[in-house]
Amino acid sequence: MAAAEPAVPALPGGGGAGAGAPSGTVPVLFCFSVFARPAAVPHGAGYELLIQKFLSLYGDQIDMHRKFVVQLFAEEWGQYVDLPKGFAVSERCKVRLVPLQIQLTTLGNLTPSSTVFFCCDMQERFRPAIKYFGDIISVGQRLLQGARILGIPVIVTEQYPKGLGSTVQEIDLTGVKLVLPKTKFSMVLPEVEAALAEIPGVRSVVLFGVETHVCIQQTALELVGRGIEVHIVADATSSRSMMDRMFALERLARTGIIVTTSEAVLLQLVADKDHPKFKEIQNLIKASAPESGLLSKV
């Protein structure tokens with residue numbers, strides 16, 4: 001791994017002094033990909049010590065052949081900025097390690113070994129409210145069958161199941177890695193982060209479910225902000241209104257998130273007619289997926 005210390009004006013570390021840290025140390029939140037882990041570093045720790053701490057926390061997940069940059073969360077701007085030249089930790093702060101360059105040769109590619117499927121809130125109480133919900137269920141089930149065939153991990157969430165019910169019966173959850181109740185709209189929860197940490201080499205998430213403009217959108221934006229490439233399956237996600245659905249897909253596409261279809265995802269994952277699972281995947285897509293209003297005017 002290579003990383004450069006940018007020559008930019010100095011900024012304060014941000015935040016207040018860290019209570020609870022051992023004497024002579026300062027609490028720092030170290031963020032990488034979808035993960036965030038607190039640790040204490042010596043007062044006055046600089047760039048090299050921060051890099052060492054990142055390696056100690058995330059060494060088995062960092063691609064040492066890529067270039068990275070360390071960034072500091074600046075309260076003044078409300079976002080991350082490149083770590084200032086000569087920066088030394090003096091108070092509680094938040095830093096993250098991000099790729100300095102995107103490997104364009106892999107941008108948009110999907111491989112089973114580096115992909116996880118996220119199935120978001122496909123629950124019974126949404127049935128009468130979500131546009132084309134029957135079609136969304138059908139395509140979602142097709143994706144889950146494909147995941148089982150290809151050995152791709154699946155993470156499922158249920159939004160406030162006490163009030164909204166469990167995942168619909170048509171969705172077969174056999175073999176999924178995690179089924180998690182939630183109240184937060186985004187699927188990026190500590191339990192999900194822990195589940196991802198158990199899967200080596202995750203680069204891409206295939207995301208589908210409801211609602212497009214709420215839980216799907218917030219999940220996608222959070223994942224992309226943490227360095228995960230997101231593929232949203234347009235024919236397997238919907239909202240209560242077509243306006244919200246279509247504008248959300250348009251917005252997400254503009255941010256660089258890949259908006260795609262179920263058939264495109266499944267065929268990209270097998271990639272070759274000679275793939276040992278091609279015939280099984282081909283059987284799933286013999287009948288075209290329903291267009292679920294995607295070709296209609298808003």
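This report describes strand pairing, nonpolar cores and selected residues in a predicted model.

## Strand β11 and its partners

Strand β11 spans residues 229-238, and 10 of its 10 residues are buried. Strand β10 (residues 204-210) runs parallel to β11, and 6 bridges join the two. Within this pairing, V206 stands opposite H231 of β11. Between β10 and β11 the chain passes through helix α5 (residues 212-225), giving a right-handed β-α-β crossover.

Strand β11 also pairs with strand β12 (residues 258-260), again in the parallel sense, over 3 bridges. Here V233 is the residue opposite T260 of β12. The connection from β11 to β12 goes through helix α6 (residues 242-254), and this β-α-β crossover is right-handed.

## Nonpolar cores

The largest nonpolar core has 52 residues, and the members that touch the most other members are F30, V89, F118, I155, L196, L207 and I232. Domain 1 (25-99) and domain 2 (115-285) each supply at least three residues to this core. A second core, separate from it, has 34 residues, among them V139, A236, V265 and L284. In soluble globular proteins, nonpolar side chains tend to be buried together.

I232 can be followed further through its contacts. Beyond its neighbours within four places in sequence, I232 is in contact with L207, I216, A220, T237, L249, L252, I257, I258, V259 and T260.

## Helix α6: L252 and R251

L252 lies in helix α6 and is buried, because its relative accessible area is 0%, against a cut-off of under 20%. With neighbours within four places in sequence left aside, L252 is in contact with Q217, A220, L221, I232 and I257. The C-alpha atoms of L252 and I232 are 8.8 Å apart, and the two residues are separated by 20 residues in sequence.

R251 is also placed in helix α6. Its relative accessibility is 37%, so R251 counts as partly exposed. Not counting residues up to four places away in sequence, R251 touches Q217 and L221. R251 and Q217 are 34 residues apart along the chain, with 9.0 Å between their C-alpha atoms. Q217 and L221 also appear among the contacts of L252.

## Positions annotated in UniProt

UniProt lists Y160 under "modified residue: Phosphotyrosine". Y160 is located in the loop between β8 (154-159) and α3 (161-164). Y160 counts as partly exposed because its relative accessibility is 43%, a value between the limits of 20% for buried and 50% for exposed. Residues up to four places away in sequence aside, Y160 touches Q123, G165 and K182.

The record also lists K279, under "modified residue: N6-succinyllysine". K279 is found in helix α8, which covers residues 278-284. With a relative accessibility of 55%, K279 counts as exposed, since the cut-off for that class is over 50%.

Conventions: Residues numbered from 1 in each chain as written. Predicted model: local features only at pLDDT ≥ 70, side-chain atom pairs only at ≥ 80, totals over all residues. Heavy atoms only, no water. UniProt positions renumbered as here; feature names shortened; annotations may be inferred. Helix = DSSP H or I, 4+ residues; strand = E, 2+ residues; numbered from the N terminus. Buried < 20%, exposed > 50% of the residue type's maximum accessible area, 1.4 Å probe, protein only. Core = buried A, V, L, I, M, F, W, Y, C linked by side-chain atoms within 4.5 Å. Domains from an automatic or database assignment. Contact = heavy atoms within 4.5 Å. Pairing = 2+ DSSP bridges. Right-handed = clockwise from strand over helix to strand, strands pointing away.
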